[in-house]
Every structure is written in C-alpha cells, then in structure tokens.
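Colleague: I would like to go through this chain with you, one question at a time. Please show me the sequence and the structure before we start.

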Amino acid sequence: VRMLNDRLLVKLDSAEEERRSSGGILIPATAQMGKRLSWAEVRAVGRGIHPTVLSQGGLPVALPRLEAVDQRVVVEVGPELAQSPRLDPDVETAIYFTAAELVTNAVRHSCPSRIHVAAELTSGAVPPRHADGIRLLVDDDSGAEAVVEGLVGVRDRAQALKGDVVISQASGHFVTEVWIPLSGSPAGGA
C-alpha cells in the first residue's frame, strides 16, 4: 500500500504541476488520462485501509455496506450478531475483509446472478467446533469451479485466528464457509 500510495502522490503532484505551468489549463486528453489513472490508484489504496464504518459500528453496520459493491450482493446479519456487544477487533477485521474478498472474487470471476452473504454467531456445541464463534457464509449461484488457490488469503486469515474454511459446490452454487472463534487469539498464542 505504501508503494502504491507513493506512486499516487507522484502522479497527483505531476498533474498539479502541469496544471500550474499551463496557467490552470489542461489538455483534455491528458487531464482525462491523469484523472482515470489517479482515481484507479486512489481506489486501490482505499482497499487496503481499515474502513471507518467497521471501527465505529462493527460488523452489523459494516457488512451490509458490501451490498454497494454490486447489485447482486445481498447481506444478512443474524439477529444474535446484530444485537451482540462488539467483538474482538481482530475477529471483526478478519470477518469483514474475508467477506469483502469473497464478494469481490465472485463479482470479478464467477459472474453469478446472486451473491448471498450471511454472518451469524455460533454455539460451540456445533461439531466439529468446540468454541463459540462467528460463521460467515458466502454463496454465489455461478456454478463456478472451486479455485482453492485463489482463496489462500481467506484461509490464511481464518487460520491465523484458529478458524477454518470449508469450500463446497452443490446444485450450481459455490459456497465458502468461514468460521472464526470469538476469542480471536492468534495461532500459537494462548
């Protein structure tokens, strides 16, 4: 992100210098190209920044914002999660960025007609899990083949918090289930 941010600043400084040296007038083609490149880079930098909505409102507020990514995205937050106290920040961050990555991957690569995102608190009584946790389920109806290599970041994020990821396909649906314990203690920690 830092390198991208530096490149973005150089381009914006260059565009500003060109505007000043030309008396405030930019050649339309150059201005449009600079604007397009700069905004693409601004969006890329923004993807790596912790969203304010997550910091301020937690998952029940942040997850539904993923619906703005694409009109095919539908987010459902379970009632227990919606009414729970704030979760461990590491758990909230992992779930949010995992959901965002799975939605983005589905939109870009699978061409589904619908992407359903559900997040809920789970009881440790549900085998094979032996701790309370949060379950994130992302289901798209694309029928796309599971490309596990493309989900390495999702798996790493879950495993870092002693969670797991299950990927399945059935009846034309590609389903990714992520479970993270509420403790959120890193693997190798207490």
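**Burial, core and rings**

Colleague: What percentage of the 190 residues in the chain is buried?

Modeller: This is a predicted model, where local features need pLDDT of at least 70, side-chain atom pairs count only at pLDDT 80 or more, and totals for chains, interfaces and linings use all residues. Residues are numbered from 1 along each chain as its sequence is written, and side-chain values use heavy atoms, without hydrogens and water. Buried means under 20% relative accessible area, exposed over 50%, and partly exposed in between, with a 1.4 Å probe and protein chains only. For the 190 residues here, the buried part is 35%.

Colleague: In what order do the elements run from the N terminus?

Modeller: Helices (H or I, at least four residues) and strands (E, at least two) are DSSP runs, numbered from the N terminus. The chain has seven helices and five strands. Their order is α-α-α-α-β-α-α-β-β-α-β-β.

Colleague: Which element gives the largest share of the largest nonpolar core?

Modeller: A nonpolar core is a set of buried Ala, Val, Leu, Ile, Met, Phe, Trp, Tyr and Cys residues joined through side-chain atoms within 4.5 Å. The largest one has 34 residues, and Leu63, Val117 and Ile180 touch the most other members. Elements that each supply at least two residues include strand E2 (115–122), strand E5 (173–181) and helix H6 (89–110). The largest share, ten residues, comes from H6.

Colleague: Which residues does Leu63 touch, leaving out those up to four places away in sequence?

Modeller: Contact means heavy atoms within 4.5 Å. With residues up to four places away set aside, Leu63 touches Val75, Val77, Ile95, Tyr96, Ala99 and Ala119.

Colleague: Is the pair of Tyr96 and Phe97 stacked or edge-to-face?

Modeller: Rings of Phe, Tyr and Trp (its six-membered ring) pair if their centres lie within 6.5 Å; planes under 30 degrees apart count as stacked, over 60 as edge-to-face and the rest as tilted. The structure holds one such aromatic pair. The ring centres of Tyr96 and Phe97 are 5.4 Å apart and the planes stand at 85°, so the pair is edge-to-face.

Colleague: Is Phe97 buried or partly exposed?

Modeller: Its partner Tyr96 has 11% relative accessibility and counts as buried. Phe97 has a relative accessible area of 21%, so Phe97 is partly exposed.

Colleague: How far apart in space are Gln169 and Asp140, C-alpha to C-alpha?

Modeller: Gln169 lies in strand E4 (residues 164–170). In sequence, Gln169 and Asp140 are 29 residues apart. In space, their C-alpha to C-alpha distance is 9.8 Å.
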